[in-house]
Amino acid sequence: MCALAALMASRWARRLFVWAALIGAVLLFLLNLRRAGETAGRHAERLKQMERQNDIQRRMLEASSNRPRDRDDLADRLRDGRF
């Protein structure tokens with residue numbers, strides 16, 4: 001305990017401790033920034049996939065709105081060449 005007190009009493013040890021704390025804080029900030037960037041990238045990818053799925057579903061719904069209502073309608077479309 002007395003060696004630690006003597007070490008902290010010296011000027012160069014205090015200065016070294018301050019610099020080490022500063023470097024540690026900067027490293028933690030950079031790691032947190034990297035993790036936030038990765039999370040943002042995952043969210044952007046998820047949003048892109050959801051937009052793609054919604055577009056596909058919208059096109060499927062539009063296609064189903066133009067479907068033949070019954071067999072007679074299907075036969076008429078096939079005869080007219082509109083299918």
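Let us start with one residue: Arg-35 is exposed, because its relative accessible area is 53% and the cut-off for exposed is over 50%. You will find Arg-35 in helix H2, which covers residues 11–65. Keep in mind as you look around that this is a predicted model.

Arg-35 also gives us a way to get a feel for distances along this helix. Pick out Gln-49, which is 14 residues away from Arg-35 in sequence. Going from C-alpha to C-alpha, Arg-35 and Gln-49 are 21 Å apart in space.

Now step back to the whole chain. What elements does the chain have? There are three helices and zero strands, so reading from the N terminus, by the DSSP runs that define these elements, the order is simply α-α-α. As for the outline, the C-alpha atoms fill a box of roughly 100 × 20 × 10 Å, taken along the principal axes. A compact globule of 83 residues would have a radius of gyration near 12 Å, whereas this chain has 34 Å. Turn the model around and you can compare the three sides of that box for yourself.

How much of the chain is buried? Of its 83 residues, 5% count as buried. The chain exposes about 8,000 Å² of surface, and 63% of that area comes from carbon and sulfur atoms. Charges belong to the picture too: the chain carries 17 positive and 10 negative charges, and the mean positions of these two groups are 20 Å apart.

Before we zoom in again, a word about confidence. The average pLDDT of the chain is 90, and 98% of the residues score at least 70. Where is confidence lowest, and where is it highest? The lowest mean, 74, belongs to helix H1 (residues 2–9), while the highest, 94, belongs to H2.

With that in mind, let us return to helix H2 and look at some charged side chains. Across the whole structure, a search finds five salt bridges. One of them joins Asp-55 and Arg-58, with 2.4 Å from N to O. These two residues are three apart in helix H2, which means that about one helical turn separates them. Asp-55 is partly exposed because its relative accessible area is 27%, between the cut-offs of 20% and 50%. Arg-58 has a relative accessible area of 42%, so Arg-58 is partly exposed as well.

Asp-55 has another partner. Its side chain also meets that of Arg-59 in a salt bridge, at 3.4 Å from N to O. Asp-55 and Arg-59 are four residues apart in helix H2, again about one turn. With 47% relative accessibility, Arg-59 counts as partly exposed.

Arg-58, in turn, meets Glu-62 in a salt bridge of 3.0 Å, N to O. Glu-62 and Arg-58 both lie in helix H2 as well, with four residues, or about one turn of the helix, between their positions. At 43% relative accessibility, Glu-62 is partly exposed.

Which residues, then, are linked in a network of salt bridges? Put the pairs together and you have the answer: Asp-55, Arg-58, Arg-59 and Glu-62. To trace the network on the model, begin at Arg-59, go to Asp-55, continue to Arg-58 and finish at Glu-62.

Key: Residues numbered from 1 in each chain as written. Predicted model: local features only at pLDDT ≥ 70, side-chain atom pairs only at ≥ 80, totals over all residues. Heavy atoms only, no water. Rg over C-alpha atoms; globule rule 2.2 N^0.38 Å. Buried < 20%, exposed > 50% of the residue type's maximum accessible area, 1.4 Å probe, protein only. Areas by Shrake-Rupley, 256 points an atom, 1.4 Å probe, with all protein chains shown as cover. Lys, Arg positive; Asp, Glu negative; His and termini not counted. Charge placed at Lys NZ, Arg CZ, Asp CG, Glu CD. pLDDT = per-residue confidence, 0-100. Salt bridge = Lys/Arg side-chain N within 4 Å of Asp/Glu carboxyl O.
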